[in-house]
Amino acid sequence: MKPERTGWRHLIDATGYSLKGLRIAFRHETAFRQELALCVVLMPLAWWIGSGPVEWILLLGSCLLVLIVELINSAIESVVDRIGTEHHELSGKAKDIGSAAVMLALLAAGLAWGLLAWQKFLG
């Protein structure tokens with residue numbers, strides 16, 4: 001049984017695991033790298049497009065949401081692939097639903113960025 005860690009030790013360990021997860025996603029997940037590159041380009045633009053803290057948070061948060069959902073989708077795919085490589089209806093469902101979540105996060109981000117850019121430049 002794994003010894004229970006609490007307090008600062010737990011926080012330090014959890015941070016290490018999280019950073020390891022980000023490194024793994026960056027190394028092995030093409031979609032994560034593409035979305036991260038897009039966020040790196042868009043994030044500085046948030047200060048220009050947004051008209052205050054609420055709009056900045058909406059723009060930055062939508063980028064982070066896409067990355068978060070992509071990480072969860074990648075985790076789902078890894079677990080499904082770990083279970084077996086043969087085709088199974090439930091495995092396909094899990095992967096498709098994870099993919100749909102990423103698509104909706106991208107749609108939400110696109111709407112936020114598109115509407116606020118529209119407001120700034122054409123409104």
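# A guided tour from R9

Select R9 to begin: this residue is partly exposed, with a relative accessible area of 44%. Here, buried means under 20% relative accessible area, exposed over 50%, and partly exposed in between, for a 1.4 Å probe and protein chains only. The model on display is predicted: local features need pLDDT of at least 70, side-chain atom pairs count only at pLDDT 80 or more, and totals for chains, interfaces and linings use all residues. Residues are numbered from 1 along each chain as its sequence is written, and side-chain values use heavy atoms, with hydrogens and water left out.

## Stop 1: the charged group around D13

Add D13 to the selection. The side chains of D13 and R9 form a salt bridge, 2.8 Å from N to O; the term denotes a side-chain nitrogen of Lys or Arg within 4 Å of a carboxyl oxygen of Asp or Glu. Both residues belong to helix 1 (residues 7-28), where a spacing of four residues sets them about one helical turn apart. Helices (H or I, at least four residues) and strands (E, at least two) are DSSP runs, numbered from the N terminus.

Next, select R5. Its side chain meets that of D13 in a salt bridge as well, at 2.7 Å from N to O. Is D13 buried or exposed? D13 is buried, with a relative accessible area of 13%, whereas R5 is partly exposed at 42%.

## Stop 2: from helix 3 to helix 4

Now select D81 and K95, whose side chains meet in a salt bridge of 2.6 Å, N to O. This pair links distant parts of the chain, with D81 in helix 3 (residues 53-83), K95 in helix 4 (residues 89-122), and their positions 14 residues apart. D81 is partly exposed, with 41% relative accessibility, and K95 is also partly exposed, with a relative accessible area of 25%.

Return to the earlier selection for comparison: R5, R9 and D13 are joined into one network by salt bridges that share partners. A search of the whole structure finds three salt bridges. Side chains of opposite charge can pair when their charged atoms come close.

## Stop 3: E70 without a salt bridge

Select E70, which is found in helix 3. Which side chain of opposite charge is nearest to E70? The answer is R33, which is 10 Å away; E70 is buried yet has no salt bridge. To view its surroundings, select A31, F32, E35 and V102: E70 is in contact with these residues (heavy atoms within 4.5 Å) when its neighbours within four places in sequence are left aside.

## Stop 4: along helix 4

Select A101, whose place is in helix 4. A101 counts as partly exposed, at 34% relative accessibility. Add L42 and compare the C-alpha atoms: the two residues are 59 residues apart along the chain, and their C-alpha atoms are separated by 21 Å.

Move on to L111, also in helix 4. L111 is partly exposed, with a relative accessible area of 49%. A C-alpha to C-alpha line from L111 to L59 covers 10.0 Å, for a pair 52 residues apart in sequence.

Then select W118, which lies in helix 4 and counts as exposed at 56% relative accessibility. From W118 to I49 the C-alpha to C-alpha distance is 9.4 Å, although the two are 69 residues apart in sequence.

## Stop 5: the whole chain

Clear the selection and display the full protein. How many helices and strands does the protein have? There are four helices and zero strands, in the order α-α-α-α along the sequence. The radius of gyration is 18 Å, well over the 14 Å that the globule rule gives for 123 residues, so the protein is more spread out than a compact globule. This radius is taken over C-alpha atoms, and the globule rule is 2.2 Å times the number of residues to the power 0.38. Along its principal axes, the C-alpha trace spans about 60 × 45 × 20 Å.

Buried residues make up 25% of the 123 residues. Of the contacts with a separation of 6 or more, 63% are between residues 24 or more positions apart. Colour by charge to locate 11 positive and 11 negative side chains, two sets whose centres lie 10 Å apart. Lys and Arg count as positive and Asp and Glu as negative, while His and the chain ends are not counted; each charge is placed at NZ of Lys, CZ of Arg, CG of Asp or CD of Glu.
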